[in-house]
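Please open the structure in the viewer and keep the sequence at hand. The tour proceeds by selection, one stop after another.

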Amino acid sequence: MTMPPRIGISCEFWTYPTGHVSGAGPVFDRVKQAYSLHVAKREGLPLLLPNLHDDGRIDDYLALLDGLLLHGGGDVEPAYFNQEPRCVETCHIQPIRDAFELPLVRKAIQCGLPVLGICRGAQIINIAMGGEIFQDMSLRPDTQDHRAHKDYVYRTHEVSLIHDSLLATLAGRETLPVSSSHHQLLGRLAKGLHATAHSADGVVEAVESMEEERFLVGVQWHPEDDQDSLAEPLFDAFMEAARTFKMRQNRQG
């Protein structure tokens, strides 16, 4: 029996709200189910990666994987992109998650693993490669509101895709409505990445590797939402890249 492509999905490090009867409450490694469902729908095997900061464990994880999926969550500690905290809006920082995800992403990129980053995941890719982010959209002049509405209802806006980019090819057009829920923004891009989508206010909404043969994509919006018009082709392309990686590794092994 052939093993399906194995996709590692990073987990949010979540603390039960204070006031729990047992005191501070337990902590959880958790993932929005939509990500696992997108992988399973394409005959992949989703593997949830708990936040265990140990280089040896990271190497063990990567040895098992054919693709890496990074998703949304809390803000990144500003020290990781050489900044001091600059606004009160920087919140829900998860130091344990940062300490696990950043070396995980760096090593995944080094070994050529296909990587898809969503929302915070796009920011983590940029930071891991040496780029920066805006800690809050208020720090970038003339930026529109990219946050979700009340009760986490996504804000919808259009993005413009760069001609001949992977995303434009997948979408079959150069403008796209997307589901938005973020207050931090991609800033200075890391060497090796280029912007392939922008919102009307000029915010970078997606990045791709400058190496055409590499699947390394980050999007600020939420394509895991089934209403998103790019959901199917983007996850299809990611899973196809994971299958190609798996076949290449099998031949080399």
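The stops below move through several helices and end at a strand.

**Stop one: Ser-36**

Please note at the outset that this is a predicted model. Begin by selecting residues 33-41, which form helix α1, and find Ser-36 within that helix. Is Ser-36 buried or exposed? Ser-36 has a relative accessible area of 17%, and because the limit for a buried residue is under 20%, Ser-36 counts as buried. Now display its neighbours: leaving aside residues up to four places away in sequence, Ser-36 touches Ile-9, Pro-46 and Leu-48.

**Stop two: from α1 to α6**

Keep α1 in view and add helix α6, residues 231-252. The axes of these two helices come within 10 Å and cross at roughly 65°, and the crossing is right-handed. To see where they meet, select His-38, Val-39 and Lys-41 in α1 together with Ala-231, Glu-232, Phe-235 and Met-239 in α6. Coloured by class, the residues of this contact divide into four nonpolar, one polar and two charged.

**Stop three: the two sides of α2**

Next, select residues 55-64, helix α2, and highlight its buried residues, Ile-58, Tyr-61 and Leu-62. Why do these residues lie on the same side of α2? They cover an arc of only 95° around the axis, and therefore share one side of the helix. Turn to the other side of α2, where Asp-60 and Ala-63 are exposed. Return to the buried residues and show what covers them: β4 (45-49) and α3 (95-110) are included in that cover.

**Stop four: α2 against α3**

With α2 still displayed, bring α3 into full view. The axes of α2 and α3 come within 10 Å and cross at roughly 50°, so α2 is oblique to α3. The crossing of α2 past α3 is right-handed. On the α2 side of the contact, select Asp-55, Ile-58, Asp-59, Tyr-61 and Leu-62; on the α3 side, select Phe-100, Pro-103, Leu-104, Lys-107 and Ala-108. By class, this contact of α2 with α3 holds seven nonpolar, no polar and three charged residues.

**Stop five: α3 against α4**

Now hide α2, retain α3 and add helix α4, residues 120-128. At what angle do the axes of α3 and α4 cross? They cross at roughly 65° and come within 9 Å, which means that α3 is roughly perpendicular to α4. This crossing is likewise right-handed. From α3, Arg-97, Asp-98, Glu-101, Leu-102, Val-105 and Arg-106 take part in the contact, and from α4, Arg-120, Ile-124, Ile-125, Ile-127 and Ala-128 do so. The classes represented between α3 and α4 are six nonpolar, no polar and five charged residues.

**Stop six: Leu-216**

Finally, select strand β13, residues 216-219, and centre the view on Leu-216. With a relative accessible area of 4%, Leu-216 is buried. Which residues does Leu-216 touch, not counting residues up to four places away in sequence? They are Ile-109, Val-115, Ile-125, Met-129, Leu-193, Val-207, Glu-208 and Ser-209. One of these, Ile-125, was also selected at the previous stop as part of the α4 side of the contact with α3. To conclude, draw a distance from Leu-216 to Leu-68: the two residues are 148 residues apart in sequence, and their C-alpha atoms are 9.7 Å apart in space.

Key:
Residues numbered from 1 in each chain as written. Predicted model: local features only at pLDDT ≥ 70, side-chain atom pairs only at ≥ 80, totals over all residues. Heavy atoms only, no water. Helix = DSSP H or I, 4+ residues; strand = E, 2+ residues; numbered from the N terminus. Buried < 20%, exposed > 50% of the residue type's maximum accessible area, 1.4 Å probe, protein only. Contact = heavy atoms within 4.5 Å. Arc of directions from axis to C-beta. Axes fitted to C-alpha atoms, helices over the stretch in contact; angles between N-to-C directions. Parallel < 35°, antiparallel > 145°, perpendicular 65-115°, else oblique. Left-handed = near helix turned anticlockwise from the far one by under 90°. Nonpolar A, V, L, I, M, F, W, Y, C, P; charged D, E, K, R; others polar.
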